[in-house]
Amino acid sequence: MQWQKLKPPEPDDPICCCECDLYQYGCCCDCEDLDEAFNRWLKDKPSKSTFQSPVFGAMADNLEISLIPALLMLPLLLKVAALHYLLGITVLTALPGLVLWYYYATHRKKRRTLFFLTLALYSLAYMYYLFITEILPRGDVSQLQVCTVTSGMIFTIVSLIHTKKGPGFVTAALHDSHSHSQEDKKESTQVNNGSIQSPASPSGTPAELQTPKEGLGAKWSRCPLCKIMRPPRAGHCRTCGSCVQRLDHHCIWINSCVGQANHRSFLLTLSVFVLTSLYGISLVLCSLCPRQYLMTALFYCPGVYTQSSTALCFTCAWYSSIVAGGLLYLLVTQVLNISFNVTEREAQLALRNKTGQSRLWGLVVDTGEYSRGFYQNWVEFLTMTDASASSRSSLTDLV
């Protein structure tokens with residue numbers, strides 16, 4: 001039926017054959033397009049792609065020329081919003097809808113895209129440019145404050161690069177190494193039982209045979225798409241086309257999955273970006289509205305629209321506040337999920353299967369499966385490492 005095409009994908013559901021990246025003609029996510037491509041294949045017609053060389057094709061896919069209009073329109077819209085406060089309210093309210101409309105119009109059929117990552121980095125650079133060229137010459141910001149904002153930006157970019165190194169993909173070698181380690185443990189246990197009596201726990205069970213709470217029933221499963229064995233809490237990402245260890249979610253803003261290997265750096269990137277943004281916004285408002293309280297300056301700043309430069313900076317402060325507010329909400333949900341030892345993927349599965357409980361006004365879903373208390377949950381999060389036996393992603397795969 002027609003409504004089934006609009007149904008959002010659910011975790012680990014089998015995908016249609018037209019979503020497979022290995023099929024050279026089925027590059028679209030609509031089965032009608034696949035039928036057309038299959039008819040061309042039967043008639044022995046070449047593909048519609050204008051790039052015959054795979055090198056030029058890869059360069060065209062990575063350049064994403066359709067991003068240029070969006071990057072040019074953003075400063076123009078902000079300047080239009082700075083003409084009057086009513087225009088500012090209208091443009092800033094419609095801006096998220098315009099961005100989503102342009103994304104679906106130009107990037108709907110792409111799996112991985114640099115649209116949101118490029119837009120975020122461009123916005124960050126543009127805000128910093130206005131801060132240096134418009135706010136700093138006013139003389140209200142000290143050198144130490146400028147160094148703090150600059151250090152926050154650099155730290156955000158460095159942390160983002162570290163996050164982009166890879167989420168920890170599941171490979172076939174990971175299960176082989178796990179099997180070998182289990183066999184080694186069994187052999188060492190048999191040797192110890194044959195020579196030295198194992199110390200018994202208060203319940204009478206040998207200490208070697210006891211398993212933690214999360215290990216009970218935690219078995220490796222076979223991915224129906226990758227056809228490889230994956231550890232508990234791993235999940236398959238349709239966008240990346242691979243299974244990820246302790247998959248949390250696929251973040252469109254960094255064009256990468258968030259998993260066991262980069263979850264800590266992702267949280268660090270969010271924290272540094274939000275703190276830097278809030279600090280920069282406070283400096284801008286204190287410079288533009290020195291007689292107003294910081295909490296009220298964003299809503300009432302008389303005389304700010306008398307000059308085009310101050311009006312543009314005030315509008316950009318509102319724009320940055322909207323972005324920082326959205327990321328602050330994401331940061332809060334991430335902290336709550338870590339406190340309950342649940343990933344975003346597990347929360348969605350629990351809501352779908354009605355096996356979890358919503359807590360804190362729906363900000364977090366408590367599954368109760370892996371939680372061992374607030375302190376132990378954070379210790380596990382801060383000490384988890386990438387268990388993948390494969391080599392890590394190189395720095396050339398930052399996009």
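Modeller: A residue is called buried when its relative accessible area is under 20%, exposed when it is over 50%, and partly exposed in between, with a 1.4 Å probe and protein chains only. This is a predicted model, in which local features need pLDDT of at least 70 and side-chain atom pairs count only at pLDDT 80 or more, while totals for chains, interfaces and linings use all residues. Residues are numbered from 1 along each chain as its sequence is written, and side-chain values use heavy atoms, with hydrogens and water left out.

Biologist: Why is Cys316 called buried?

Modeller: Cys316 has a relative accessible area of 4%, which is under 20%, so the word buried applies.

Biologist: What makes Cys289 and Cys301 a disulfide?

Modeller: A disulfide is a pair of cysteine sulfur atoms within 2.5 Å, and the sulfurs of Cys289 and Cys301 lie 1.6 Å apart, so the pair meets the rule. The rule gives a count of one disulfide, and the link of Cys289 and Cys301 is left-handed, with -110° about the S-S bond. Cys289 lies in the loop between helix H8 (263–288) and helix H9 (294–297), and Cys301 in the loop between H9 and helix H10 (308–339), so the pair ties together parts that are twelve residues apart in sequence. Helices here are DSSP runs of H or I with at least four residues, numbered from the N terminus.

Biologist: How do you know whether Cys313 is bonded or unbonded to Cys316?

Modeller: The sulfur of Cys313 is 6.5 Å from that of Cys316, its closest cysteine sulfur, which is too far for a bond. Cys316 is accordingly in no disulfide. Cys313, at 7% relative accessible area, is buried.

Biologist: What makes the side chain of Thr113 a partner in a polar contact?

Modeller: The side chain of Thr113 reaches the backbone nitrogen of Phe115 at 3.1 Å, and a polar contact is a pair of N or O atoms within 3.5 Å, one able to donate a hydrogen and the other to accept it, with residues adjacent in sequence counted only if both atoms are side-chain atoms. Thr113 is found in the loop between helix H4 (85–107) and helix H5 (115–135), and with a relative accessible area of 6% Thr113 is buried.

Biologist: Which values describe how helix H3 meets H5?

Modeller: The axes of H3 (residues 67–81) and H5 come within 11 Å and cross at roughly 40°, where axes are lines fitted to C-alpha atoms over the stretch in contact and angles run from 0 to 180 degrees between N-to-C directions. Residues in the contact (heavy atoms within 4.5 Å) include Leu67 and Leu78 of H3 and Phe115 and Tyr122 of H5.

Technical notes:
Helix = DSSP H or I, 4+ residues; strand = E, 2+ residues; numbered from the N terminus.
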